Amino acid sequence: MDLTGIRVLDLTRLLPGAYCTMLLAGMGADVVKVEEPGTGDYMRWTPPLVDGQSALFNAINRNKRSVTINLKAAPGRDVLLSLVDTADVLVEGNRPGVMDRLLLGWDVLHARNPRLVMCSITGYGQDGPYAGRAGHDLNYMAIAGGLGLNGERDGPPVPLSVQVADIGGGGLQPAVAILGALVGVQRGGQGRWIDASMTDGAVSWLKLAFAAHRAGERVARGDQRLSGRYPCYRVYACKGGGFYSVAALEPKFWNALCQALEMPDLIERQYSEDVDAQATLEEIFATRTRDQWQQKLSALDACCEPVLAMDEVASHPQIAARQVLEQGEVGHAPHLGEHTEEVLREIGFDQERIEVLRSQSFI
């Protein structure tokens with residue numbers, strides 16, 4: 001979807017909302033990041049810093065413009081409302097009720113611009129007993145059930161290395177909902193208020209686990225079909241400390257792997273849960289290094305790949321060919337308030353008015 005000509009006001013901080021609007025900016029939207037004067041998005045100052053600004057902030061805020069507005073003061077709110085007149089989308093990540101207390105709630109914004117799509121990203125949603133509760137990704141995944149499923153069968157739950165609820169429930173799914181709402185507006189409909197809960201998003205990603213549970217299958221840490229329960233879908237340690245992933249779920253892939261390993265006896269034990277089958281494969285993979293296994297298995301059509309470290313990803317031939325990481329580096333992450341004057345001029349503010357607002361710290 002080409003979002004050229006679509007203006008998005010991003011009032012969020014940290015990861016979820018920034019990831020959401022990064023996706024929209026990548027589709028061509030003009031994303032205006034609205035930040036508090038003097039401090040801005042907390043992530044701006046999160047180490048590691050590059051030229052005085054966070055590398056983490058830069059990664060998810062490229063191709064956006066930054067304006068500073070004091071939303072706690074009436075003149076600042078008036079500036080935002082003037083921006084709302086020209087906007088198609090507003091994304092905010094405050095706790096429920098904060099926008100109303102700022103006199104910038106849905107009723108006010110909708111009356112000002114009936115075509116506006118407003119998306120509120122929160123941990124638990126706009127209602128329910130946890131609506132006003134503080135939290136982070138680990139908490140959302142804990143309540144959603146995902147954390148309890150991650151880790152070894154006899155060990156404690158292990159935090160996921162990727163912020164699934166933040167990025168999925170708070171980034172990707174709101175972006176999809178915003179796109180759907182924009183289509184409705186383009187077809188002549190009114191704008192709408194999207195209630196995006198990171199916990200709801202995480203729960204929705206566990207549909208298969210809940211379906212298995214309701215059907216009477218055991219669903220616990222280490223017992224899931226795709227969590228190492230079967231020898232055909234596991235990670236195996238190699239000689240020298242590397243690891244190799246095996247995801248040979250279909251019989252044709254498993255058969256090919258067993259033949260390549262010269263272990264045809266394992267073909268019938270693809271979904272065996274006895275430890276002997278797993279132990280046999282563990283012994284086999286321990287006889288060679290990860291790179292030696294890659295040399296032997298790379299041409300095999302069997303869903304097997306080496307587990308890469310972070311410093312190896314960029315040079316992987318598939319990642320390099322698709323320029324995945326290079327594309328993420330294209331564009332400039334704005335300095336705090338870098339585009340305040342530029343954006344306000346676009347909506348009709350003259351220099352004198354801008355200077356008055358700046359002199360009183362309203363922008």
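This briefing walks through the overall build of one protein chain, then its salt bridges, then four residues worth finding in the viewer. The model is predicted, so treat every value here as computed from that prediction. The chain has 363 residues, and 43% of them count as buried. Its secondary structure comes to 17 helices and 11 strands.

**The whole chain**

- Along its principal axes, the C-alpha trace spans about 80 × 45 × 40 Å.
- Take the contacts in the chain with a separation of 6 or more: residues 24 or more positions apart account for 69% of them.
- About 18700 Å² of the protein chain is exposed, and carbon and sulfur atoms supply 53% of that area.
- On the charge side, there are 34 positive and 45 negative charges, and the mean positions of the two sets sit 3 Å apart.

**Salt bridges**

- Side chains of opposite charge can pair when their charged atoms come close.
- How many salt bridges does the structure hold? The count is 19.
- One of them pairs Glu35 with Arg44, with 2.7 Å between the closest N and O atoms. Glu35 has a relative accessible area of 3%, so it counts as buried. Arg44 is buried too, at 0% relative accessibility.
- Another joins Glu217 and Arg229, where the closest N and O atoms are 3.7 Å apart. Both residues belong to the loop between helix H9 (207-214) and strand S9 (233-237), and they are 12 residues apart. Glu217 is partly exposed, with a relative accessible area of 24%, whereas Arg229 counts as buried at 8%.
- A third example is Glu282 with Arg234, meeting at 3.4 Å, N to O. This pair links distant parts of the chain: Glu282 is in helix H11 (residues 275-285) and Arg234 is in strand S9, 48 residues away. Glu282 is partly exposed, at 38% relative accessible area.
- Which residues do shared salt-bridge partners join into one network? They are Arg7, Asp30, Arg65, Glu342 and Glu346.

**Lys33, a buried lysine**

- Look for Lys33 in strand S2, which covers residues 30-35.
- Is Lys33 buried or exposed? With a relative accessible area of 0%, Lys33 is buried.
- The Lys33 side chain makes a polar contact with the side chain of Asn61, at 3.5 Å.
- Setting aside residues up to four places away in sequence, Lys33 touches Asp10, Thr12, Asp41, Phe57, Asn61, Arg65, Ser66 and Val67. Arg65, one of those neighbours, also appears in the salt-bridge network above.

**Thr122, at the end of a strand**

- Thr122 sits in strand S7, which runs over residues 117-122.
- Thr122 counts as buried, since its relative accessibility is 5% and the cut-off for buried is under 20%.
- Its side chain reaches a backbone atom: the nitrogen of Gly125, at 2.9 Å from Thr122.
- Beyond its neighbours within four places in sequence, Thr122 is in contact with Asn94, Pro96, Ala196, Ser197 and Met198.

**Two phenylalanines**

- Phe243 is in strand S10, made up of residues 243-247. Phe243 is partly exposed, with a relative accessible area of 39%.
- What does Phe243 contact, leaving aside neighbours within four places in sequence? The list is Val235, Tyr236, Ala237, Cys238, Arg290, Pro306 and Val307.
- For a sense of distance, go from Phe243 to Asn70: the two are 173 residues apart in sequence and 51 Å apart in space, C-alpha to C-alpha.
- Phe349 belongs to the loop between helix H16 (340-346) and helix H17 (351-359). Phe349 is buried, at 3% relative accessible area.
- Not counting residues up to four places away in sequence, Phe349 touches Val79, Ser82, Leu344, Ile354 and Leu357.
- Phe349 and Pro159 make another pair to try in the viewer, being 190 residues apart in sequence and 48 Å apart in space, C-alpha to C-alpha.

Notes:
Residues are numbered from 1 along each chain as its sequence is written. This is a predicted model: local features need pLDDT of at least 70, side-chain atom pairs count only at pLDDT 80 or more; totals for chains, interfaces and linings use all residues. Side-chain values use heavy atoms; hydrogens and water are left out. Helices (H or I, at least four residues) and strands (E, at least two) are DSSP runs, numbered from the N terminus. Buried means under 20% relative accessible area, exposed over 50%, partly exposed in between (1.4 Å probe, protein chains only). Contact means heavy atoms within 4.5 Å. Accessible areas come from the Shrake-Rupley method with a 1.4 Å probe; for residues, only the protein chains shown count as cover. Lys and Arg count as positive and Asp and Glu as negative; His and the chain ends are not counted. The place of a charge is taken as NZ of Lys, CZ of Arg, CG of Asp or CD of Glu. A salt bridge is a side-chain nitrogen of Lys or Arg within 4 Å of a carboxyl oxygen of Asp or Glu. A polar contact is a pair of N or O atoms within 3.5 Å; within protein, one must be able to donate a hydrogen and the other to accept it, and residues adjacent in sequence count only if both atoms are side-chain atoms.
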